[in-house]
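Work through the exercises below with the sequence and the coordinates open. Try each task before you read its solution.

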Amino acid sequence: MTRRAFEQLFLIHREPVFRFLLRLCHARADAEDLLQETWLTLWRKRHQFEGRGHPLGYLRQIAYRLFLNHMRRTTRRRALAHHIPVRQEATMDLGSDDADEQAVLLTRVRAALEGLPAANRDAFVMFRFEGMTCAEIAGVVGAPVKTVESRLRRATLALMDLLASERTPGGTR
Amino acid sequence: MDQHSPYDLVRKRETEDLTAVEAAVLEDALTKDADLAAFARAFPSVRRITGVVDADAEIGGLHDLDLEALALEPMRSVPHAARRWWIAAAALLAGVLVARGLLGADAPVAVFTPRYIDMAAEAAPAASAVDVFADAVPAVLIPYRPIGEGGITWLRDESQARALARVSGRPILRFGSMATCPLCVQMERGPLRAADVLAQAGDVIALNQRYTHVTMQEMTELFREGWPRLQLETADGKVLRTFHGARGAAPLARELALATASSTARPMAWDELETQLTRHTLGNAAGRADELGRAWSALASVEAPSQLAQHAATARRWIAAQAAQALRAARDTRDAGAARDVLTRAVGRFADSPFADDFADLLARLDAEGRLPPIQERSE
């Protein structure tokens with residue numbers, strides 16, 4: 001990979017890769033750090049990349065591994081999940097102000113996502129928010145497509161259970 | 001092109017129209033796969049609810065992060081239609097700058113180049129702090145002088161005598177005796193305390209080897225040439241001269257003078273040796289306590305004799321490698337908080353050495369910029 005090719009890749013894919021990382025780790029500072037590390041890793045491993053697969057898939061693969069390493073170093077995600085009482089919030093009075101409702105809903109959904117097992121959550125985030133196919137997710141996480149489908153299903157059903165109150169009459173949506 | 005999973009088709013059904021073929025495939029899969037059917041029932045609701053975090057305005061983009069402060073303020077007077085062009089141009093500029101920074105050319109973020117730490121420095125593979133900072137001699141021997149108020153200061157431990165002989169460059173005067181040997185006791189109390197003998201014994205390491213628990217056969221062999229045994233030998237055990245057997249003060253002084261003359265060593269003065277040993281021992285103690293900066297400074301002042309100086313130089317190379325390792329650890333720690341912890345610890349660990357300046361400088365950059373700058377090796 002030449003420097004020019006690298007620059008082109010960077011200009012084209014930096015935004016999607018950043019969004020991908022931000023979806024996974026939420027914290028912008030972490031996402032920025034991991035983004036930088038992703039590109040540095042690509043540059044270091046540029047000889048391994050030559051002509052293999054779609055660049056974005058390869059970049060997501062690098063970014064996801066870096067994300068997993070990052071999460072192993074920090075336990076913030078688990079800590080956050082344990083500290084936010086999802087079900088308790090889900091039954092509270094939301095009030096009448098739309099903006100407040102939206103903010104509360106956002107917090108609730110995020111907490112529900114954080115409460116999922118990491119592998120299930122990651123599969124759901126990639127599928128739901130990144131629009132990745134099951135095959136693409138399988139390539140990134142290094143698991144069979146069937147496994148990804150299974151994680152996706154478990155995450156979806158768990159979220160439906162956790163967010164059940166949102167779907168009942170009188171809920172916010 | 002990857003083949004679509006039926007799960008992909010469930011999502012596609014929610015966002016766009018399926019083709020006739022896709023719809024048929026999905027319907028068929030739904031009838032055969034209960035898990036898929038459960039997913040298909042739940043997904044529309046979950047998708048709708050989780051839409052709250054799906055908006056780009058909420059999740060933000062890289063251009064928001066990089067350019068918000070830079071671009072929005074000057075644009076308050078810019079017509080709305082022109083803002084897109086402004087943002088696009090600024091995003092393109094920032095992208096090029098960042099890309100060039102990643103490639104090492106005209107970096108927009110100033111790189112950090114350590115002034116003192118050689119990032120390529122590596123410690124010897126098996127070297128541990130215990131090995132590296134081992135004392136040359138026990139600290140109790142640092143003030144050793146062969147002549148004290150009570151006459152010759154005899155050492156009783158052969159390994160200590162050898163270590164001191166090695167580091168001081170002086171020969172060992174070995175006095176081998178038995179407590180039950182009257183000739184030995186008489187010589188120790190008499191001639192070996194005489195002034196002219198003491199005058200010849202000022203540049204030796206005195207070792208009194210008291211033989212106990214020896215068999216008659218061993219004793220006969222040891223003292224075949226006379227009682228007591230007296231010899232001058234090098235630190236490595238090479239015998240320079242023997243003068244076994246009892247004798248008076250004057251003949252003993254003469255023998256001792258001849259013996260010490262046979263030694264080619266040119267040792268440094270005792271006071272200077274004591275100073276160097278003290279620095280070396282203090283440096284080692286600091287090193288063993290992981291106060292590597294203090295160890296570095298103390299060991300830097302060990303200039304002689306050569307054995308101590310070489311040992312100190314080896315230890316300093318090890319410390320330099322530890323500094324490099326700490327800097328690499330900080331560099332490889334992508335989390336700013338963890339990097340700050342590594343650097344803060346390194347500043348304390350290497351205090352009193354120039355390496356601490358590098359760590360402090362980098363820590364200041366981290367605090368000022370909120371993240372570690374790119375680190376590059378110093379060129380020499």
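**Exercise 1. Take stock of each chain.**
How many helices and strands does chain B have, and what is the secondary structure of chain A?

Solution. Start with chain B: it has 17 helices and 6 strands. Keep in mind that this is a predicted model. Now turn to chain A. It comes to 11 helices and 0 strands. Read from the N terminus, its elements run α-α-α-α-α-α-α-α-α-α-α.

**Exercise 2. Gauge burial and contact range.**
What percentage of residues is buried in each chain, and what percentage of the contacts joins residues at least 24 apart?

Solution. Take burial first. A residue counts as buried if 20 or more other C-beta atoms lie within 10 Å of its own. In chain B, 31% of the 380 residues are buried. In chain A, 39% of the 173 residues are buried. Next, take contacts between residues at least 6 apart in sequence. In chain B, 67% of these join residues at least 24 apart. In chain A, the share is 63%.

**Exercise 3. Place the largest nonpolar core.**
Which residues touch the most other members of the largest nonpolar core, and where does this core lie?

Solution. The core has 67 residues. B:I205, B:A295, B:A323 and B:L343 touch the most other members. Next, ask which element contributes. Helix α15 of chain B (residues 306-332) gives the most to this core, with 11 residues. Then use the domains. Domain 3 (170-266) and domain 4 (272-369) of chain B both give residues to the core, so it lies between them.

Now zoom in on B:I205. Leave out residues up to four places away in sequence. B:I205 then touches B:P146, B:L155, B:A161, B:L164, B:A165, B:S168, B:R170 and B:I172. Another core, of 55 residues, lies apart from the largest one. Its members include A:A138, A:V148, B:Y7 and B:L9.

**Exercise 4. Dissect the contact between the chains.**
How many residues does each chain bring to the contact, and which element gives the most to the side of chain A?

Solution. Count each side first: 47 residues come from chain A and 32 residues from chain B. Then list the elements of chain A that each supply at least two residues. They are α1 (3-25), α2 (28-44), α4 (55-73), α7 (98-114), α8 (118-128), α9 (134-141), α10 (145-162) and α11 (164-167). α1(A) gives the most, with 11 residues. Last, sort the residues on this side of chain A by type: 23 are nonpolar, 5 polar and 19 charged.

Key
Residues numbered from 1 in each chain as written. Chains lettered and ligands numbered in written order. Predicted model: local features only at pLDDT ≥ 70, side-chain atom pairs only at ≥ 80, totals over all residues. Core = buried A, V, L, I, M, F, W, Y, C linked by C-beta atoms within 7 Å. Buried ≥ 20, exposed ≤ 12 C-beta atoms within 10 Å, placed from the backbone. Helix = DSSP H or I, 4+ residues; strand = E, 2+ residues; numbered from the N terminus. Domains from an automatic or database assignment. Contact = placed C-beta atoms within 7 Å. Nonpolar A, V, L, I, M, F, W, Y, C, P; charged D, E, K, R; others polar.
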